[in-house]
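User: Please zoom in on one acidic side chain in this model and tell me what surrounds it. After that, walk me outward to the rest of the chain, in plain bench language.

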Amino acid sequence: MSLISLWFPALVLISAVIYYLVPKRRRWLVLLAASFVFYLWGGIGHAAYIVITAVSTYLCGLWLQRIRDKNEAARVKKLRRPVVFLACLINFGMLFAIKYWDLALDMAGLRLPRLGLAAPLGLSFFIFQSIGYVADVARGKVRAEKNILKFSLFVSFFPQITEGPIGRYGALAPQLYEGNDLDFENIRSGLQLSMWGLIKKLVIAERAGVIVAKVYSNGGAYDGAVIAFAVLMYCVQLYCDFSGGVDIARGAAKCFGIDMAENFKRPIFAKTLTDYWRRWHISLGAWLRDYVFYPLTFTKLFNRIGKFTRKHVGGTLGRIIPTSLATFIIYFLVGIWHGANYTYIAFGLYNGLLITSGLLMAPAFEKLRTRLKIGPKTRWFSAFAMGRTMLIVFIGRRWRSLC
């Protein structure tokens, strides 16, 4: 079921009416039933994947909670690792097999059988969200959910499953389970947000897409200015299509009194490429930061790299090399997240290389800016920084779309 089909608002309307009619303690069951309807609408064939994720992470969460309840803190860290590893192996293994196995064989030039599997609805979203839950239970941030049906609702909550945002259990689960009072202000603001999302997707993104398709299909027939404008429209199309879908999802959830995390924050006003990615797909960036970047930088390997570079390179450069390496890995993963083909990998490497280079060269740039007496908060410099960042983004988008 598409977010822009007539069936989606019908599902939200029917579910909302029933939701506010049943007792508060049973309202989560209405959301669960609506999520089942939404996910199974396109066919029952792919339901096995979300069941595997829900059951595996539910059981791993209970296992981790039992470890935390029955062991001293010193033993918990050692015992929890194999459980988290098992949850990651099952779910990321499934994700790799479905989305990346064939690509990996092509890149390696191996003549092994291709799986040719079609990715089910929301695969990356519900896997990342569920693994985040397992990690939070392992760290003691949340307690494991004992009711598998309630946990299944967290995994499959229908407004967010196709385009996000990626929810955190501690913030989302209480809103799903406790039942919310009828508030017409929530419904009004939810409908407004959904309508704005529809305008983004059906008006702005669609119109921009017409220009993009015409120019990109015959780029040799147009001069540089037209191609540059088409690249701009391509970026507008991507932003409005993706953020519009998230607005529809957040608006639908708001009608049930559920607040989902903001996923875009005016990325066009970003002053650096790092700032741009903090504003674009915020929930993905936060997930990679909390569950990949920080754990990676605290591993023994990165500690050894840090000691080596501080000793043999020294200075600021020696201190930031491990962080820069972790940053490069994160943006490589960002590229893979967005698509299972060479162009997306190259797009991730492009961003990772530029951001890593920026981190390494930041001290030199800061010294140059100080010598030239350029204030970082002046209007002209802010405008220059935003224009420079958007140019870098446009080049990356143009390259990715044509490769």
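Analyst:
**Close-up of one aspartate**

Setting aside residues within four places in sequence, Asp247 is in contact with Leu193, Ser194, Trp196, Gly197 and Lys200. Keep in mind that this is a predicted model. Asp247 itself belongs to helix 10, which covers residues 224-254. For the contact partners, it helps to know that helix 9 runs over 184-217.

Is Asp247 buried or exposed? Asp247 has a relative accessible area of 9%, and because the cut-off for buried is under 20%, it counts as buried.

**Salt bridges elsewhere**

Let's move on to the charged pairs. How many salt bridges does a search of the whole structure find? The count is 10. One of them pairs Lys24 with Asp181, with 3.2 Å between the closest N and O atoms. These two come from distant parts of the chain, 157 residues apart: Lys24 sits in the loop between helix 1 (7-21) and helix 2 (27-40), while Asp181 sits in the loop between helix 8 (169-178) and helix 9. Lys24 shows a relative accessible area of 36%, so it is classed as partly exposed.

Asp69 and Arg143 make another salt bridge, and here the closest N and O atoms are 3.1 Å apart. Asp69 is part of helix 3 (residues 47-70), whereas Arg143 is in the loop between helix 6 (123-139) and helix 7 (148-156), so this pair ties together parts that are 74 residues apart in sequence. With 48% relative accessibility, Asp69 is partly exposed; Arg143, with 52%, counts as exposed. The split between those two labels comes from the cut-off, because exposed means over 50%.

Lys254 and Asp259 also meet through their side chains in a salt bridge, at 2.6 Å from N to O. Asp259 is partly exposed, at a relative accessible area of 45%. Besides the pairs, there is a small network: Glu163, Lys201 and Asp241 are joined by salt bridges that share partners.

**Backbone details to click on**

Which two residues are joined by a cis peptide bond? They are Gly164 and Pro165, with omega at about 5°. Pro165 belongs to the loop between helix 7 and helix 8.

Two non-glycine residues with positive phi are also worth a look. Arg266 has phi near 45° and sits in the loop between helix 10 and helix 11 (273-279). His281 has phi of about 50°; you'll find His281 in the loop between helix 11 and helix 12 (282-297). His281 is buried, at 1% relative accessibility.

Further along, Ile374 occupies the loop between helix 15 (342-371) and helix 16 (379-402). Ile374 is buried too, with a relative accessible area of 18%. Leaving out residues up to four places away in sequence, Ile374 touches Arg369, Trp380 and Phe381. If you want a distance to check in the viewer, the C-alpha atoms of Ile374 and Val313 are 30 Å apart, and the two residues are 61 positions from each other along the chain.

**Zooming out**

Now for the whole thing. The protein has 16 helices and 0 strands. Its C-alpha atoms fill a box of roughly 65 × 55 × 55 Å along the principal axes. For 403 residues, a compact globule would be expected to have a radius of gyration near 22 Å, and the protein's value of 23 Å agrees with that.

What share of the residues is buried? Of the 403 residues, 45% are, and Asp247 is one of the buried ones. Among contacts with a separation of 6 or more, 72% are between residues 24 or more positions apart. The accessible surface amounts to about 21,100 Å², with 66% of it belonging to carbon and sulfur atoms.

Last, the charge tally: there are 50 positive and 20 negative side chains, and the centres of these two sets lie 10 Å apart. That brings us back to where we started: Asp247, in helix 10, with Lys200 among its contacts.

How values were computed: Residues numbered from 1 in each chain as written. Predicted model: local features only at pLDDT ≥ 70, side-chain atom pairs only at ≥ 80, totals over all residues. Heavy atoms only, no water. Helix = DSSP H or I, 4+ residues; strand = E, 2+ residues; numbered from the N terminus. Rg over C-alpha atoms; globule rule 2.2 N^0.38 Å. Buried < 20%, exposed > 50% of the residue type's maximum accessible area, 1.4 Å probe, protein only. Contact = heavy atoms within 4.5 Å. Areas by Shrake-Rupley, 256 points an atom, 1.4 Å probe, with all protein chains shown as cover. Lys, Arg positive; Asp, Glu negative; His and termini not counted. Charge placed at Lys NZ, Arg CZ, Asp CG, Glu CD. Salt bridge = Lys/Arg side-chain N within 4 Å of Asp/Glu carboxyl O.
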